[in-house]
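Trainee: I would like a close look at one single part of this model, taken slowly and with the cut-offs stated as we go. Could you walk me through one helix and then what surrounds it?

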Amino acid sequence: MTAHTPRTIGRYTLLGEIASGGMARVFLGQLTGSQRFSRRVAIKRLHTQYARDAEFLSMFFDEARVAARISSPYVVPVLDFITEGDEAILVMDYVAGVSLATLMSAAHQQGHALPIAVAVRIVYDMLRGLQAAHTATDDQGQPLNIVHRDISPQNVLVGEDGTSRLVDFGIARSIGRLQSTREGQLKGKLAYMAPEQLGGQEVDHRTDLFAAGVVLWEALTSKRLFSAGDDVATFRRVLESEVIPPSMVRSEIPAALDNVVMQALARHVPDRPASAAAVTAALETAVRLASPEQVAEWMRAHVGDTLQAQARLVAEFEREARSSNDAASSADGVLAVAQAWASSTFAEAPTRKGDLPSPVPPPPAESRPAARGIWLWGSAVLLFLAGALVWLLPTRTNAPLESVRPSTIVAPKLAADAAAHVVDPGIDAKIEPRAVKPPPRKPGPPPKRPVQRKAPAPNPEPSSKASRDDCKIPFTIDESGVRIPKRHCL
């Protein structure tokens with residue numbers, strides 16, 4: 001896998017490159033949906049120059065149509081096919097694992113071959129996938145007669161779970177294909193082609209069985225069967241070279257297994273087994289198959305570093321994708337809040353000439369007169385209440401202080417005044433309440449000045465005793481709380 005700048009095509013994000021070929025590259029991808037749903041996928045992306053070519057694009061679409069008709073746990077399922085501009089992608093399930101070619105190479109570098117039981121199990125699973133492809137039908141139940149035509153170790157994916165799956169139906173032949181092979185044009189890998197395929201003759205499901213025999217021979221011996229230095233030499237070896245049983249290369253291979261391999265490699269088509277199911281049945285009787293768990297255990301022991309490196313890179317790609325999605329979600333949330341605030345602000349504020357138009361749509365035309373009438377009546381009521389409040393405020397402020405109960409406002413002050421001025425408790429002198437300074441209030445119209453009342457004229461000829469008694473308190477207090485001296489006491 002290699003780093004890659006994430007790119008989104010349709011509902012899918014391409015995170016990192018997994019593999020590369022002559023026509024396409026395969027990426028680790030992510031399908032995203034609502035409620036933070038995501039699914040790990042593998043995305044086969046056609047090279048741009050081929051995506052612009054009608055023939056290649058038609059073949060690419062055929063691969064999607066053919067593979068989508070096959071339902072088997074031993075075939076990597078195709079989920080979607082998208083063309084967008086110069087892009088064409090094929091979306092498949094992502095399977096964590098390595099190809100059979102990688103396993104064979106690792107075993108060869110370590111100086112040994114795959115265990116017989118493991119090698120047979122991998123090819124056994126591949127043949128079960130082939131059987132599903134060969135027997136696939138269309139919507140009406142009619143056979144599609146699919147022939148893969150590119151069976152090779154590179155197209156067998158061995159998962160971490162120990163199950164092998166067949167991939168890449170790009171050049172498969174089937175009824176209803178949009179694109180056909182041109183006369184004299186070879187498609188596939190020469191070292192795994194059956195003689196009739198190399199000769200341009202009609203092919204059927206037994207053509208795939210010959211290729212499966214080549215794969216099994218090489219998996220058991222850790223050697224190449226027909227591959228040579230150039231295509232011409234490889235071509236001749238497929239057609240003319242003598243094929244030896246795998247036990248002549250690896251002596252511990254049983255004779256029954258030799259027979260299964262050699263039957264599949266028969267150059268004459270009728271001499272081959274009738275179906276992939278017949279080959280799997282023969283393998284079950286020829287050798288004890290490894291379980292998927294045993295295959296997985298062997299993989300961890302011999303290619304564990306490769307699997308761990310893939311897992312770390314996948315986790316890194318997905319972590320970066322989550323960070324990008326979280327950042328985008330945060331930005332969308334901030335934008336949504338800002339838009340909501342702006343909408344409410346402009347909707348509530350009165351619009352003046354020259355202001356930005358309100359984002360709130362106007363009410364329907366038939367409801368506007370009624371709304372305008374309600375608004376005018378409400379405004380009139382508010383104006384009336386405001387005027388009444390302004391008129392009542394000064395009147396209440398300048399009201400006489402006698403109307404206020406002295407016990408609740410001036411009682412403490414009056415008690416102090418009485419103690420200071422009353423000398424003879426036998427004198428029946430009326431003490432008027434003193435004025436209390438009103439609490440501060442908001443600025444308003446200036447209060448009316450109190451009317452000064454004239455002091456009552458003294459008796460011109462008071463008796464001497466009455467004058468003395470009356471002058472014990474030499475002043476009177478008017479209604480406004482103002483002390484007025486008694487003239488006859490001066």
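Mentor: In H2, the buried residues (under 20% relative accessible area, with exposed meaning over 50% and partly exposed in between, 1.4 Å probe, protein chains only) are Ser58, Met59, Phe60, Asp62, Glu63, Ala64, Val66 and Ala67. This is a predicted model, in which local features need pLDDT of at least 70 and side-chain atom pairs count only at pLDDT 80 or more, while totals for chains, interfaces and linings use all residues. Residues are numbered from 1 along each chain as its sequence is written, and side-chain values use heavy atoms, with hydrogens and water left out.

Helix H2 covers residues 54-68, 15 residues in all, and reaches 21 Å from its first C-alpha to its last, close to the 21 Å expected at 1.5 Å a residue, where the expected span is 1.5 Å times one less than the number of residues. Helices (H or I, at least four residues) and strands (E, at least two) are DSSP runs, numbered from the N terminus. At the N-terminal end of H2, aspartate 53 acts as a cap, with a side-chain oxygen 2.8 Å from the backbone nitrogen of glutamate 55; a polar contact is a pair of N or O atoms within 3.5 Å, of which, within protein, one must be able to donate a hydrogen and the other to accept it, and residues adjacent in sequence count only if both atoms are side-chain atoms.

The buried residues of H2 pack against strand S4 (38-46), strand S5 (78-84) and strand S6 (87-93), contact meaning heavy atoms within 4.5 Å. Three residues of the helix, Glu63, Val66 and Ala67, are also among those touched by phenylalanine 169, which further reaches Ile70, Val75, Ala133, Ile146 and His148, not counting residues up to four places away in sequence.

Phe169, together with Leu127, has the most contacts inside the largest nonpolar core, which has 90 residues; such a core is a set of buried Ala, Val, Leu, Ile, Met, Phe, Trp, Tyr and Cys residues joined through side-chain atoms within 4.5 Å. Helix H4 (residues 116-134) gives the most to this core, with 12 residues. A second, separate core of 10 residues includes Ile9, Leu31, Ile82 and Ile89.

As for the whole protein chain, 14 helices and 11 strands are present, and buried residues make up 35% of its 490 residues.
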